[in-house]
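Pull up the model and let's walk through it together. We'll begin with the sheet, move on to the cysteines, and finish out at the end of the chain.

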Amino acid sequence: MNKLLAEEIYYLMVLGRKFEFAAKEHYMQGNISGFLHLDIGQEALSVSAMKAFDRGDIFSGYRVHVMAIARRLSAKAVMAELFGKVTGVSRGKGGSMHLYDPSHFFYGGDAIVGEHIPNAVGCAYARKYQGSKEAVMVLFGDGATNCGAFFESLNIASAQNLPILFLCENNGYAIGTKITAVTPFLKQSKKAEPYMQTVEVDGMDAVAVYETLKEAQKSIYNGHGPIFLEAFTCRFEGHSMSDPGSYRTQLEMQVCKSKDPIERMKRVLKDNYLVDDSYIETLEKRAQETVEEAVEFALSSPEPEIEELYRDVFCQSCANVIS
């Protein structure tokens, strides 16, 4: 990782956190409806994964705002989507959990736990069938590894030697249930070991995530089959805005926040690349301004017209559409 990339990753992590705090504020004000799952504390994985897996298709679950922005989706369009505005990523129809932009090969935001994993496997099969050099990355939480579709996907990916990276974001909880209460393993990679190569990484370390994922991507591109990568993270907020997180002790949260990925990345900039405080403050100020512009854009954007209810129900460009 060079200095420019390190600075970009730090900027995107700060941008992501400020974006999430703004989303939280406007949810409380009533400007955002529905569900809202914040990524505060897990920015290292969300940003570095997107920067490392710079080519190919991305599938994810619903904690996806920071990933979308790091994937180069406009912060304005993402915020407008949260506000349900027609200028949003999904024209205001998807909200927080359904950010979708095929122009960036980003098929993120699946609201059903684990059900996007077979879709990613199907995409990887298509890539292989077409002779494409691109690969697929699918991100999911530790709770998704208890789904039947997860094991079916591992089996097919392994049997067909598909170009896919399974990235498990293990924050230790499936919603509010401690993962060890519903599975015998703390490390979910144990479930994948019979099927494929497994790798572990500290998901709170942006540099480690980037370098580990880059190596995994290279291995897949060289035809060495699917890989399961498990990143151990810790979210600072509850599962969603309706979750106070009272099932976690004060001590647990102190340990969790002591691993703050943004502070760790700031030390990397200072110690490894000799970036001074004034430039770091410049990056942070730019991130704040970007978020403020995104909020203003969302507030001033129009609501979808009632006719939008009837648009995009069927694929109008598909060959089998009956007019």
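Two strands are said to pair here if DSSP finds at least two bridges between them. Keep in mind as you look around that this is a predicted model. With that in hand, take strand 7 (residues 197-202) and strand 8: they run parallel and are joined by six bridges. If you'd like one contact to click on, Gln197 has Ile227 of strand 8 as its bridge partner. To get from strand 7 to strand 8, the chain passes through helix 8 (residues 206-221), and this β-α-β crossover is right-handed.

Now look at the other neighbour of strand 8. Strand 4 (residues 164-170) pairs with strand 8, again in the parallel sense and over six bridges. Here Cys168 is matched with Glu230 in strand 8. Hang on to Cys168, because we'll come back to that residue's burial: at 0% relative accessibility, it counts as buried. Strand 8 itself, spanning residues 227-232, is mostly covered, with five of its six residues buried.

Keep stepping across the sheet. Strand 3 (residues 136-141) pairs with strand 4, parallel once more and over six bridges, and Val138 has Phe166 in strand 4 as its bridge partner. Zoom out and you get the whole thing: six strands in an open sheet, ordered 2-1-3-4-8-7, with parallel pairing. Strand 2 (106-107) and strand 7 are the edge strands, each pairing on one side only. In general, strands of a sheet pair through backbone hydrogen bonds, either parallel or antiparallel.

On to the cysteines. Which ones are joined in a disulfide? Cys234 and Cys256 are, with an S to S distance of 1.7 Å. Taking sulfur pairs within 2.5 Å as the cut-off, the count comes to one disulfide. The torsion about the S-S bond of Cys234 and Cys256 is about -120°, so the disulfide is left-handed. This pair ties together distant parts of the chain: Cys234 sits in the loop between strand 8 and helix 9 (250-257), while Cys256 is in helix 9, 22 residues apart. Are these two cysteines buried or exposed? Both Cys234 and Cys256 are buried.

What about Cys147 and our friend from strand 4? Cys147 is in no disulfide, and its nearest cysteine sulfur, the one in Cys168, is 11 Å away. Seen from the other end, the closest cysteine sulfur to that of Cys168 is in Cys147, and 11 Å is too far for a bond. Cys147 has a relative accessibility of 17%, so it counts as buried, the cut-off being under 20%.

Last stop: the segment after helix 11 (277-300). Ser301 has its place in this segment, and with a relative accessible area of 8% it is buried. Try drawing a line from Ser301 to Ala80: the two are 221 residues apart along the chain, yet their C-alpha atoms are separated by 7.3 Å. Leu309 lies in this segment after helix 11 too. Is Leu309 buried or exposed? It counts as exposed, because its relative accessibility is 59% and the cut-off for exposed is over 50%. Together with Ile306 and Tyr310, Leu309 makes a nonpolar surface patch of about 400 Å².

Definitions and conventions
Residues numbered from 1 in each chain as written. Predicted model: local features only at pLDDT ≥ 70, side-chain atom pairs only at ≥ 80, totals over all residues. Heavy atoms only, no water. Patch = residues over 30% accessible without salt bridge, like charges linked within 9 Å, V, L, I, M, F, W, Y side chains within 5 Å. Areas by Shrake-Rupley, 256 points an atom, 1.4 Å probe, with all protein chains shown as cover. Salt bridge = Lys/Arg side-chain N within 4 Å of Asp/Glu carboxyl O. Helix = DSSP H or I, 4+ residues; strand = E, 2+ residues; numbered from the N terminus. Buried < 20%, exposed > 50% of the residue type's maximum accessible area, 1.4 Å probe, protein only. Right-handed = clockwise from strand over helix to strand, strands pointing away.
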